[in-house]
Amino acid sequence: DDVKSMKELQRKRSELARKSYQTRLEKIAESSPGKSSAKRKHVKSDPNIPASTPQAAIWRIESCLDQSLLPDVQDVKLMLRPARLSKRKNALLQILRDGFGLRGKCIPVKDEEGANQKHQFASHASIEVLGQFILCKLEEDATSDK
């Protein structure tokens, strides 16, 4: 009799866990269709920082990508100004990944002769190379939309 009650309790716990897992999957599917369950950290803009700073440009870029839009070319240029700036490379990689769907070996690099074109991992490329590649892609996209 004691074994039967233990098995019944285990069955109820299992059923409850199954239902809660199903509910969690449904909520994830409702909140972000087509995206992974991992949410990106959303940065709130600070009203004390002027709009023409590289940090503000990064916030605007992240906001555009959160809305599935491509960022403005001027924001990317502002972010690429020479200065110490955290999250710059992450923002550039995010533009490639979310804006253009590019991952891995996607940065074109010419060899010494200049004839053959190889590709480099985006995460291994310098900020300058990433920035120039993204600016080219944004300008290509802008001209193809017109």
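**Exercise 1. Which helix do R11 and E8 both lie in, and how many residues apart are they?**

Before we start, a word on the model: it is predicted, so local features need pLDDT of at least 70 and side-chain atom pairs count only at pLDDT 80 or more, while totals for chains, interfaces and linings use all residues. Residues are numbered from 1 along each chain as its sequence is written, and side-chain values use heavy atoms, with hydrogens and water left out.

*Solution.*
- Step 1: Find helix α1, which covers residues 2-31. Helices here are DSSP runs of H or I with at least four residues, strands are runs of E with at least two, and numbering goes from the N terminus.
- Step 2: Both R11 and E8 sit in that helix, three residues apart, or about one turn.
- Step 3: Their side chains meet in a salt bridge at 2.4 Å, N to O. The term stands for a side-chain nitrogen of Lys or Arg within 4 Å of a carboxyl oxygen of Asp or Glu.

**Exercise 2. Follow the salt bridges onward from R11.**

*Solution.*
- Step 1: R11 also forms a salt bridge with E15, at 3.1 Å from N to O. These two are four residues apart in helix α1, again about one turn.
- Step 2: Move on to K19, whose closest N atom is 3.7 Å from the closest O atom of E15 in another salt bridge. K19 and E15 are also four residues apart in helix α1.
- Step 3: Put the pieces together: bridges with shared partners join E8, R11, E15 and K19 into one network.
- Step 4: Zoom out, and a search of the whole structure gives five salt bridges.

**Exercise 3. Sort the four network residues by how exposed they are.**

*Solution.*
- Step 1: Get the cut-offs: buried is under 20% relative accessible area, exposed is over 50%, and partly exposed is in between (1.4 Å probe, protein chains only).
- Step 2: E8 has 32%, so it counts as partly exposed.
- Step 3: R11 is partly exposed too, with 42%, and E15 joins the partly exposed group at 33%.
- Step 4: K19 reaches 52%, so it is exposed.

**Exercise 4. Is D75 buried or exposed, and which residues is it in contact with, leaving aside neighbours within four places in sequence?**

*Solution.*
- Step 1: Look in helix α3, residues 73-79, to spot D75.
- Step 2: Its relative accessible area is 9%, so D75 is buried.
- Step 3: With those sequence neighbours set aside, D75 is in contact with A57, R60 and I61. Contact means heavy atoms within 4.5 Å.
- Step 4: The D75 side chain makes a polar contact with the R60 side chain at 2.7 Å. That is a pair of N or O atoms within 3.5 Å; within protein, one must be able to donate a hydrogen and the other to accept it, and residues adjacent in sequence count only if both atoms are side-chain atoms.

**Exercise 5. Sketch the whole chain: how many helices and strands are there?**

*Solution.*
- Step 1: Count five helices and two strands.
- Step 2: Put them in sequence order, and you get α-α-α-α-β-β-α.
- Step 3: Add burial: 23% of the 146 residues are buried.
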